[in-house]
Each structure stands twice: as C-alpha cells, then as structure tokens.
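Dear colleague,

I am handing over the structure we spoke about, and below it you will find what came out of a first look. Please keep the sequence and the 3D view open while you read.

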Amino acid sequence: MDISYLLLLQNFRNSINDALTPFMEFVSHVAVSWLVIFPAFIYWCVDKRAGLFTIGGLECSRIVNAAVKLTACVYRPWIRDPRVIPAGNAIVEATGYSFPSGHTTMGTALYGGMAAGFWQNKKTRFVSIFCAIMILLTGFSRNYLGVHTPQDVLTGLCLTLLVLFGTAKIFSYCEKHPEKENWFLLGGILLAIAVLIYINVKPYPMDYRDGKLIVDPAKMLKDGFGDSGVLAAFCIARFIEKKWIRFEATGLNFKSAESGVNVKGIIVSLVGVVILYFMSEYFKIPCRKLFGVNWGCLISRGVEVLYMVALWPLVIKLVTKRKEER
C-alpha cells in the first residue's frame, strides 16, 4: 500500500514533467538546513523562552528519531522496490535508514516550536498558522520526492509532537521549580551518552545484493553521533547560560502592549545569524577531517548548539552591558 502511494505520486510527477519537484526539494531542504536560524534569532532577539523551547524540543526530537531509526533499520523505498525512483536530487539528502523521517522530525520540531511560541500573542498567530501548514507540507514533500513512505512521515510527525508536548511540560515544571532544572539537564546528558553507547554496540542488518552490502551500518551512524552531541551540548549550554550568563532577548518585544524595538539588539542578533549560517555550512568540514566523520559530526553540531544557547547570548549581554554603562 505504501509503495503504491509513492508510485501514484511518481506517476503524477512524471505527468507534469517534474514541475513541482524543485519546490518540494526546497521545502525539504529548508527543514534540515537554515530553518534552525529562525529559533536562534527568536531566542536572541524576540522571546528567550520561546526560542529556547524550540531549540530544546528540536534536540530532544532528534535524539528520539536517531534511537528509533537505528533500532528499526528500515531500508529506503527504492531499496525495497526498484520501481520507486526518487525525484530530482532528493536522494542526496536521503542518507541513513528510512523510518522515521528525519526531515519530518526536524520540520515538525522547528515549525511546531515556533508555532507554539507565536500562538501566545494574537498579533503573531498568523505565523503559527503558516508554521502548521509548513509541517504538513514538509512531511508530504518527503512522500512526493519518493524518499519516504507515509508511515515514515506519520511516525516522525507523531513522535515529534509527543516530544514537544513532553518538552513543554518539562519547561513549565522547571519554571515553577527552577531548583529542579539541573536534574533534567543531567538526565539529558545521560540520555545522549546512553544513546551513543547503544547505537555503537547494537547489531545491524548486513544484507547483500549482487555481492554488495545494501547499507553499510558504519556510514549510518553519523547522524546518531550528531544527534547525541546536540542534546548533550544543549544541556551543557543551558546550564552555563542560566548560571553565569543570564542574558535577556534584546531587539524586538511583542509581549507588551507597545512593541519595543532595539535596533542595536537586532543588528547584533543578525550578525549572530550570519556567523551561525557559516558555521553550519563550513565548520563541519575541518571537524570531520580532524576527528573522523562520526566524532567530527558530533563535535561540529555540538559547537553550533553551544554557540546558539550560550556563546552568542554572552556576546549579546556584553554588548548590552557596554551600552548601559555609557
């Protein structure tokens, strides 16, 4: 049934000469590339809690996705049925196993986290509606491009929504009991370590076709290492920020009756966004050369999260402090 659905979409793509393929590729790519820039900007410039919730929900969702994916070890649709031909260049980003969808997980976590934050204010609820549409469109794009089955997408969507719900409960609890937050942060670090150990010691399928290994498990561990690294880095960075930095989002304020605008805060945040973009694009290359693909992925992604949650907020606070001193 799932393959039949993908073939139906494939026939539709062919009938319109792939007219929608570039758009669907763009929607998919955004979810796993520079979309994370938006919650970082929100965290620095608009609403600290909303941005932190989105980033935290993303990192928790990614570790769950990695654990499930490397447990199930489900092959991609075109491996299961050679009639399925992925559209365009979608197969380039379709690394690892298939179930559940990583793009859907990241898209749901990021769009969902932002939707929850913007829904609190009537002025910005239209953003929440847009984000909800993008969650559905991101999931559908994975089916349309032929790189994920419907169950891959639906499972990724449902798991991520559950994780976001749990993350929201933890955030609310920690706001009422701030003295307990460190225990949750420690739990996150231990979970990241446990998943890292688990994916390294568990057995993987070693199936061959025409004398060649269909999927090399060693190459599939990269994302698992990276996802473990970002969760541990998030917990460490959050501890550092709340204990020693304690910055406040500076730039735009939609919470008060009269929206406040701090041009300097906006500029500093935009500079941080540019640096984050170049880090995500180019920092991973030297890391992988120095430490290998798996550990290099863990380190590069971990540093990005440390930068988002603690290092650039420190810069924001220092710049703001200097302004006040003058």
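Ala72 is partly exposed, with a relative accessible area of 35%, and its place is in helix H4, which covers residues 48–72. Please bear in mind throughout that this is a predicted model. Ala72 and Pro100 are 28 residues apart in sequence, while their C-alpha atoms are 8.8 Å apart in space. Pro100 itself belongs to the loop between helix H6 (90–93) and H7, and the peptide bond that joins Phe99 to Pro100 is cis, with an omega of about -5°. Most peptide bonds are trans, and for that reason I would ask you to look at this one in the view.

Two other places deserve a look for their backbone angles. Asn17, which is not a glycine, has a positive phi near 55°, and Asp210, again not a glycine, has a positive phi of about 55°. Most residues other than glycine have a negative phi. Asn17 lies in the loop between helix H1 (2–15) and helix H2 (21–32), whereas Asp210 lies in the loop between strand S1 (208–209) and strand S2 (212–213). Are these two residues buried or exposed? Asn17 has a relative accessibility of 69% and therefore counts as exposed, and Asp210, at 77%, counts as exposed as well, because the cut-off for that word is over 50%.

Turning to the chain as a whole, you will find 13 helices and 4 strands in it. The radius of gyration is 20 Å, close to the 20 Å that the globule rule gives for 326 residues, so the chain is as compact as a globular protein of that length. Along its principal axes, the C-alpha trace spans about 70 × 45 × 35 Å. Of the 326 residues, 50% count as buried, and the chain exposes about 16,300 Å², of which carbon and sulfur atoms supply 68%. If one takes the contacts between residues at least 6 apart in sequence, 81% of them join residues at least 24 apart. As for charge, the chain has 35 positive and 23 negative charges, and the mean positions of the two sets are 5 Å apart.

Which residues touch the most other members of the largest nonpolar core? They are Trp44, Tyr97, Tyr111, Ile199, Met308 and Val309, in a core of 81 residues. Helix H11, residues 217–245, gives the most to this core, with 11 residues. Met308 may serve as an example of how such a residue is surrounded: leaving aside its neighbours within four places in sequence, Met308 is in contact with Val36, Ala40, Tyr43, Trp44, Ile55, Leu276 and Pro313.

A further spot to visit is where Thr108 and Ile135 meet. Thr108 is found in helix H7, residues 102–118, and Ile135 lies in helix H8, residues 125–144. Thr108 has a relative accessible area of 0% and is therefore buried; Ile135, with a relative accessible area of 13%, is buried too, because the word applies to values under 20%. When neighbours within four places in sequence are left aside, the contacts of Thr108 are Gly113, Ile135, Leu157, Thr160, Leu161 and Leu164. Counted in that way, Ile135 touches Gly107, Thr108, Tyr111, Gly112 and Leu157, so that Leu157 appears in the contact lists of Thr108 and of Ile135. Ile135 and Thr105, although 30 residues apart in sequence, have their C-alpha atoms 9.3 Å apart.

Finally, please look at Phe12, which lies in helix H1 and is partly exposed, with a relative accessible area of 41%. Not counting residues up to four places away in sequence, Phe12 touches Leu20 and Tyr144. Phe12 and Leu314, on the other hand, are 302 residues apart in sequence and 51 Å apart in space, from C-alpha to C-alpha.

With kind regards

Notes: Residues numbered from 1 in each chain as written. Predicted model: local features only at pLDDT ≥ 70, side-chain atom pairs only at ≥ 80, totals over all residues. Heavy atoms only, no water. Helix = DSSP H or I, 4+ residues; strand = E, 2+ residues; numbered from the N terminus. Buried < 20%, exposed > 50% of the residue type's maximum accessible area, 1.4 Å probe, protein only. Contact = heavy atoms within 4.5 Å. Rg over C-alpha atoms; globule rule 2.2 N^0.38 Å. Areas by Shrake-Rupley, 256 points an atom, 1.4 Å probe, with all protein chains shown as cover. Lys, Arg positive; Asp, Glu negative; His and termini not counted. Charge placed at Lys NZ, Arg CZ, Asp CG, Glu CD. Core = buried A, V, L, I, M, F, W, Y, C linked by side-chain atoms within 4.5 Å.
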